[in-house]
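User: I should like to learn how strand pairing and side-chain exposure are read from a model. Please take me through some cases.

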Amino acid sequence: MPAPSPGLHRALLGLWAALGLGLLGFSAIAQEPFWADLQPRVALVERGGSLWLNCSTNCPRPERGGLETSLRRNGTQRGLRWLARQLVDIREPETQPVCFFRCARRTLQARGLIRTFQRPDRVELVPLPAWQPVGENFTLSCRVPGAGPRGSLTLTLLRGAQELIRRSFFGEPPRARGAVLTATVLARREDHGANFSCRAELDLRPHGLGLFENSSAPRELRTFALPLDSPRLAAPRLLEVDSERPVSCAMDGLFPASEAGVYLALGDQRLSPDITLEGDAFMATATTTASAEQEGARQLVCNVTLGGESRESRENVTVYSFPEPLLTLSEPNAPEGKTVTVTCTAGPRALVTLDGIPAAVPGQPAQLQLNATENDDRRGFFCDATLEVDGETLSKNESAELRVLYAPRLDDSDCPRSWTWPEGPEQTLRCEARGNPEPSVHCARPDGGSVLALGLLGPVTRALAGTYRCTATNAQGEAVKDVTLTVEYAPALDSVGCPERITWLEGTEASLSCVAHGVPPPNVSCMRSGEAGIIIEGLLHVAREHAGTYRCEATNARGSAAKNVAVTVEYGPSFEELSCPSNWTWVEGSGRLFSCEVDGKPEPSVECIGSGGTSEGVLLPLAPPGPSARAPRIPSELAPGTYICNATNQHGSMVKTVSVSAESPPEMDESTCPSHQTWLEGAEAAALACSARGRPSPQVRCSREGAPRPQRLRVSREDAGSYRCLATNPHGTDARIVTVGVEYRPVVAELAASPPGGVRPGGNFTLTCRAEAWPPAQISWRAPPGALNIGLSSNNSTLSVAGAMGSHGGEYECAATNAHGRHTRRITVRVAGPWLWVAVGGAAGGAALLAAGAGLAFYVQSTACKKGEYNVQEAESSGEAVCLNGAGGGASAGTGAEGGTEAAGTAEAPAGGEVFAIQLTSA
């Protein structure tokens, strides 16, 4: 049987696939599910609020449907496949409504969940104790009734803004409502007056609602600390009737001390204390006064109350009565000779004593009698009373004074017959008399002159001296007394009795005397200053040494006075060699004048006039005798010669001859010492051309600045630099800086070709010539005949050719010339094609061998390269150089150089002279 074709197989497979898909589709249509839906499925509603529920189905034609719930309904809306109902006044914490439909003999259901929440509208903090002891625990309790769900609640207890404890009720059952948070807190001092509160937070943000917060009313806590010790009570043990005594009550460690109540009382009498606070301590002070009804034993009570607790202290006080004693005199002011009775009495239980004599028994008076005399005036009497109270003896006393009336008495002790007072200071003049009543005293001159102001402070003057009559008077009589007043004063030296300046003439006789005024009469002595103990007395034969300052001193009992007296001794003029020399040298430019000081009093006038030669009749300027005198103009020139000096004052004149000479200090300028000098290298070494003017002739020395100049026979370039020349004579020095330049003959130090090994036709080459010379050399060139298109640099140091031809090949000469000579060097340039370079190379090799032999042959003569000041062993390229000696020696290499030295003004080197050449061998 033949197998089916592939196309048939594909058709059958497609048919089966289509059938399968059709069957699957029919089955799905036949078994499509129906459902019921409730929206919102889960809802959170505030307690007492309302909510719309939507119940729907996908059944095409439901038979019936509804919404089952225990909640109150307010309205319903229907459709074919839906039902909407509003639920109101939802209060149950949790309920589950059911949505149902009947479809195709089946019941479709959807169950929902409705929960309610209640805001924390009531947050209550349990009241705190009225007073809480510091250091003890108290309870904070917070209640939030009805708020929920509890699982979303968080309660926080706070002290002010500080959180004490925070608790979240997360995880509590959904139906749970309300919460309580309790905490135990230790009371502290700083908690006094602090506000405690509770904050409730209902967080419904996870359910799409907000955060609801509320706080309780704050409650204030009052803390206190009251020590167990009783207060310290200070009170007198004894208290006299009608007397005031302070009492005090103090206590430490209270908190707050300002809240403490203090009760202070003496028996039934409550006191009003003044309270002073200091930190945790207080002091209550009061003044208590006892009455006669309180006499006897009483108690002083101090009670301190704080926070409902109290502490108390008690002290016993005895109240007593003790009147003052009474002291009486039968006649307080008694005339002399009168009898006086003195009596001392006190209370019924007191024992009195009069002037040390006690009474017979307590309660009885004490007495004494006396006949009044002058000595009893101002006599004091003392009455002492004692009383024993509660084992303690108390005492009081009273005193009285007796006055006795008697006539005045002037005693020498109170009113002396002779008074001596110093002049000047203020004194109180006193003449006192005894008597009662107190006498009045009056002192005046007997002739009715001046009156002494007794008892008043005043200055004492010489006019008060003299005799006075003093009279004392009172109601009992009078007394009279004569007194003498002497006023003493220190010595005085005035210009009349002792002049400040005295003039004596040498050779005469004179005496030094001073008259002083004073009481008592002073003693006067004079002595020369600086010569202590040598007193000047009597007549003196006046000499110059007597001139000077003398100190005269006057002395008495009241002091001393001193005065300086200047004694001047005058005399005629005289010359001294030291102060006016006979020979004087004037130095030009020194600004000095001839000083001729002459001894004489008064100071002589001096004048010097020339007496011969160039100085005839010339007035010689003189230096002023003192720094304050005006100096004459200083002359620029002064004529030397002989001058006659004449000194004159009122006591005579004197003449002296003075010889004057003139000299000057060193001076150098451009004419005597040029500031720039030039030497020639190789010339014989010589000193600088410097000299100086001056009298006497100055000596000139020059030295190089910096490094010293080495000693050598010939001038070298190293001698160039700055030199300091110093000219010296007795009147000073002069310095000058000289700059030395060294000039030298030219030398062509370098002659080089670039490129160094020759040049091809049409190529470029450059010749460079560098010369050393001072002053700088002028560069000139000599080129091969017929060489055209040659270019030179601005200073001729470089020769350049562009596009070389055969005519440019040959010998080039560079010449350097300055004022001191000329020097040349030569170099050969070859212009050849490529085929010539092989021949040139062979020739170069042979030339190198020939040069080596020549070098051995003329080894000894090679030292000629070092003759003179020049060394021309140089080469442009890096080959070997051989020094040749001979006239007109040539080179066999591609390039060569020759050099020679010529004197200035010649064009060629002399025949037979030395020629130095450099032979280059290329590498």
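Analyst: Two strands pair if DSSP finds at least two bridges between them; strands are DSSP runs of E of at least two residues, numbered from the N terminus. This is a predicted model, in which local features need pLDDT of at least 70, side-chain atom pairs count only at pLDDT 80 or more, and totals for chains, interfaces and linings use all residues. Residues are numbered from 1 along each chain as its sequence is written, and side-chain values use heavy atoms, with hydrogens and water left out.

User: In S32, which residue is the bridge partner of Leu326?

Analyst: Strands of a sheet pair through backbone hydrogen bonds, either parallel or antiparallel. Here Leu326 has Thr345 as its bridge partner in S32. Strands S30 and S32 (residues 339-345) run antiparallel and are joined by 4 bridges.

User: What is the order of the strands in the open sheet?

Analyst: The order is S30-S32-S35, with antiparallel pairing. Strands S30 (326-329) and S35 (366-371) are at the edges with a single partner strand each, so one side of each lacks a neighbour in the sheet.

User: Which side chains of strand S65 are buried?

Analyst: In a regular strand the side chains alternate between the two faces of the sheet. In S65 (residues 798-801), Leu799 and Val801 point to one face and are buried, whereas Thr798 and Ser800 point to the other and are not. Buried means under 20% relative accessible area, exposed over 50%, and partly exposed in between (1.4 Å probe, protein chains only). Val801 is also the bridge partner of Ile790, and Ser800 stands opposite Thr766.
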